[in-house]
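Visitor: I would like a close look at one part of this model, and then at what surrounds that part. Please keep to plain terms.

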Amino acid sequence: MKISHLVRQAQKGSKEALLQLIMADQDAYYRLAYSYMGNEHDAMDAMEDMIVKIYENIDQLHKGEAFYSWSKTILVNRCKTLLRKKERFLPLEDEREASLAALTDDNPYRYKESEMDMQVLLSHLNALQREAIELRYVHDLPYQTIANMTGVPLGTIKSRISQGIQKLKVMIGGDRYENDRGEITRA
């Protein structure tokens, strides 16, 4: 079924249509919530809150095609609200320990070793840069969607991503190259 048609049905009160919309992208919702919340229980709580908010506010959505970016924006906002309520901002060392612990867990949404390495690198960025880079490259969201989700201008999102990538390049030595004599020098 077409997204716009399901949205119209949901706006008329069809819980079945709303469920179809959510189930069609449930893995993406869970990965997004998990990346913010850091554990399965809190991710599921955020998703439940998102579903309630969507149900209460679906009549405010004017373009049915925008359902997924709109609903993911709601999910991100719910995650941030839950984190603020819990005051759960982990110190850097705790984030690394949580990433390492995730390697031994058999949850398929948790980090694999190469992803854990990336999470350790990303933990060195400020929270705003890390968020923008994860939304863009881990969740594959377009820049405009990220701007809408976070409530900041498009240029700011592009700047955060660019500055974050520059920091990552410096950290992993991506700004080095070999000269004519085979010596590694800085660019």
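Which residues are buried in α1?

Guide: In α1, the buried residues are S4, L6, V7 and A10. Seen down the helix axis, they fall within an arc of 160 degrees, so they line one face of α1. Buried means under 20% relative accessible area, exposed over 50% and partly exposed in between, with a 1.4 Å probe and protein chains only. The arc is taken from the directions that run from the helix axis to the C-beta atoms. An α-helix has 3.6 residues a turn, so residues three or four places apart point the same way.

This is a predicted model, in which local features need pLDDT of at least 70, side-chain atom pairs count only at pLDDT 80 or more, and totals for chains, interfaces and linings use all residues. Residues are numbered from 1 along each chain as its sequence is written, and side-chain values use heavy atoms, leaving out hydrogens and water.

The buried residues of α1 are covered by elements that include α2 and α5. Just after α1, G13 has a positive phi of about 105 degrees. Helices (H or I, at least four residues) and strands (E, at least two) are DSSP runs, numbered from the N terminus.

For the wider setting, the protein chain has ten helices and two strands. Along the sequence the helices precede the strands, in the pattern α-α-α-α-α-α-α-α-α-α-β-β. Of the 187 residues in the protein chain, 37% are buried.

The largest nonpolar core has 42 residues, and those that touch the most other members are Y29, I54, F67 and L75. Elements giving two or more residues to this core include α1 (3-11), α2 (15-24), α4 (40-57) and α5 (67-86). The largest share, nine residues, comes from α5. A nonpolar core is a set of buried Ala, Val, Leu, Ile, Met, Phe, Trp, Tyr and Cys residues joined through side-chain atoms within 4.5 Å. In soluble globular proteins, nonpolar side chains tend to be buried together.

F67 shows how α1 links to the rest. Leaving aside neighbours within four places in sequence, F67 is in contact (heavy atoms within 4.5 Å) with I3, V7, L18, L21, I22, Y29, I54, I58 and L61. One of these, V7, is also among the buried residues of α1.

Another of them, I22, lies in helix α2. I22 counts as buried, because its relative accessibility is 6%. Residues up to four places away aside, I22 touches Y29, I51 and F67. The C-alpha atoms of I22 and I51 are 8.1 Å apart, although 29 residues separate the two along the chain.

After α2 comes D25, in the loop between α2 and α3. Not counting residues up to four places away, D25 touches Y68 and K72. The side chains of D25 and K72 are joined by a polar contact of 3.0 Å. A polar contact is a pair of N or O atoms within 3.5 Å; within protein, one must be able to donate a hydrogen and the other to accept it, and residues adjacent in sequence count only if both atoms are side-chain atoms.

Helix α5 also holds R78. R78 is buried, because its relative accessible area is 16%. Beyond neighbours within four places in sequence, R78 is in contact with A46, D49, M50 and K53.

A second helix can be set beside α1. In α10, I157, R160, I161, G164 and L168 are buried. Their arc around the axis is only 95 degrees, which puts them on the same side of α10. Helix α10 has 19 residues and spans 27 Å from its first C-alpha to its last, close to the 27 Å expected at 1.5 Å a residue; the expected span is 1.5 Å times one less than the number of residues. Just after α10, G173 takes a positive phi of about 80 degrees.

Finally, a word on confidence. The protein chain averages a pLDDT (the predictor's confidence in each residue, from 0 to 100) of 81, and 76% of the residues score at least 70. Confidence is highest in α4, at a mean of 94, and lowest in helix α6 (residues 92-104), at 48. Over residues 90-96 the pLDDT is below 50, and this stretch has eight contacts in the model beyond near neighbours in sequence. Where pLDDT is low, the predicted coordinates should not be read in detail.
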